[in-house]
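Open the model in your viewer and follow the stops below in order. Each stop gives a selection and then what is there.

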Amino acid sequence: MASIPLLRFTPTTPRLLPHPLNVNFLQNRIQTRTRIHTKPASISASYNPIPATDRLISAVAYFLPFFNGLQYGRFLFAQFPTLALPFQPILPLLSLYRSLPYASFVTFFALYLGIARNENLNKYPRFNALQAVVLDVLLVLPMLIQRIFSPGQSGIGLKFTVWMHNGLFVFVVGCFVYGLVSSILGKTPYLPFVTEAANRQM
């Protein structure tokens, strides 16, 4: 008698539907397409150009430490007179600035109280004005140290004074040019040792 093989049925887990009918697959495709289409819109919406007024205020602010820092270039100007030629066009403005009594103090507090601490203005001119104020304060410290310790008029003391003045002058001019150009272009200048101090004051 022929034996008929028994059919055995083993329980199996239900298989997922193929891709066209797979609900999870369709949801993932929809979310992926949504992210792809919405990402460029969020990038374009975050671009905010700096207004021309804020650029002008920021650029003018850097003239305060520049005018007060030109005194550190006296040794370089005496040794290399040709270095003074690029500064000839601003000499009338510098003479007018120094002829006014207490012009440095008035300009300092005008920048600090009128712009840097004025919350009605945008953050861009406030930050640049605060950087100019911090830079101006840092330039006063070497002169105070020089008056306290009195390095003398000859010897190693004089050489150290010349090196310090020359280095400060190059630093001031570099910060002024960098801050001025960056402000005109609407970019945020980051000055060594100055930006960190300004960020703590914002």
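Among contacts between residues at least 6 apart in sequence, 72% join residues at least 24 apart. This is a predicted model, and the tour starts with the whole chain.

**Stop 1: the whole protein**

Colour by secondary structure. The protein has 9 helices and 0 strands, so the order of elements from the N terminus reads α-α-α-α-α-α-α-α-α. Switch to a surface representation. The accessible surface comes to about 14,500 Å², and 68% of that belongs to carbon and sulfur atoms. Of the 202 residues, 31% are buried.

**Stop 2: helices α2 and α7**

Select residues 52-61 for α2 and residues 123-149 for α7. How far apart are the axes of the two helices, and at what angle do the helices pack? The axes are 8 Å apart and the angle is about 0 degrees. Angles under 35 degrees count as roughly parallel, which makes α2 roughly parallel to α7.

Now show side chains at the contact. On the α2 side, pick Asp-54, Arg-55, Ile-57, Ser-58 and Ala-61. On the α7 side, pick Tyr-124, Pro-125, Asn-128, Ala-129 and Ala-132. By class, the residues of this contact divide into 6 nonpolar, 2 polar and 2 charged.

**Stop 3: helix α8 against α2**

Keep α2 and add α8, residues 155-185. The axes of α2 and α8 are 8 Å apart, and the packing angle is about 175 degrees. With the cut-off for roughly antiparallel at over 145 degrees, α2 and α8 are therefore roughly antiparallel to each other.

The residues to display are Arg-55, Ser-58 and Ala-59 from α2, and Leu-180, Ser-183, Ile-184 and Leu-185 from α8. The contact of α2 with α8 divides into 4 nonpolar, 2 polar and 1 charged residue.

**Stop 4: helix α7 against α8**

Hide α2 and look at α7 with α8. Their axes lie 12 Å apart, at an angle of about 175 degrees. That makes α7 roughly antiparallel to α8.

In α7, select Tyr-124, Asn-128, Leu-135, Leu-139, Pro-142, Met-143 and Gln-146. In α8, the residues they meet are Thr-161, Met-164, His-165, Leu-168, Phe-171, Val-172, Cys-175, Ser-182 and Ser-183. How many of the residues in the contact of α7 with α8 are nonpolar, polar and charged? There are 10 nonpolar, 6 polar and no charged residues.

**Stop 5: Ser-183**

Bring α2 back and centre on Ser-183, which is found in helix α8. Is Ser-183 buried or exposed? Its relative accessibility is 0%, so Ser-183 counts as buried. Draw a distance from its side chain to the backbone oxygen of Gly-179: a polar atom of the Ser-183 side chain lies 2.7 Å from that oxygen.

Leaving aside residues up to four places away in sequence, Ser-183 touches Arg-55, Ser-58, Ala-59, Tyr-62, Tyr-124 and Asn-128. Arg-55, Ser-58 and Ala-59 are also on the α2 side of the contact with α8, while Tyr-124 and Asn-128 are among the α7 residues that meet α8. For one of these neighbours, take the C-alpha distance: Ser-183 and Tyr-124 are 9.1 Å apart in space and 59 residues apart in sequence.

**Stop 6: Asn-128**

Move to Asn-128 in helix α7. Asn-128 has a relative accessible area of 0% and is buried. Its side chain makes a polar contact with the side chain of Ser-58, at 3.4 Å. Not counting residues up to four places away in sequence, Asn-128 touches Ser-58, Ala-61, Tyr-62, Ser-183 and Pro-189.

**Stop 7: two loop residues with positive phi**

Select Tyr-102, in the loop between α5 (91-99) and α6 (103-116). The phi of Tyr-102 is near 55 degrees, a positive value in a residue other than glycine. At 64% relative accessibility, Tyr-102 counts as exposed.

Then select Phe-193, in the loop between α8 and α9 (194-201). Phe-193 is not a glycine, yet its phi is positive, about 65 degrees. With a relative accessibility of 67%, Phe-193 counts as exposed.

Definitions and conventions:
Residues numbered from 1 in each chain as written. Predicted model: local features only at pLDDT ≥ 70, side-chain atom pairs only at ≥ 80, totals over all residues. Heavy atoms only, no water. Axes fitted to C-alpha atoms, helices over the stretch in contact; angles between N-to-C directions. Helix = DSSP H or I, 4+ residues; strand = E, 2+ residues; numbered from the N terminus. Parallel < 35°, antiparallel > 145°, perpendicular 65-115°, else oblique. Contact = heavy atoms within 4.5 Å. Nonpolar A, V, L, I, M, F, W, Y, C, P; charged D, E, K, R; others polar. Buried < 20%, exposed > 50% of the residue type's maximum accessible area, 1.4 Å probe, protein only. Polar contact = N/O pair within 3.5 Å; in protein donor to acceptor, adjacent residues only side chain to side chain. Areas by Shrake-Rupley, 256 points an atom, 1.4 Å probe, with all protein chains shown as cover.
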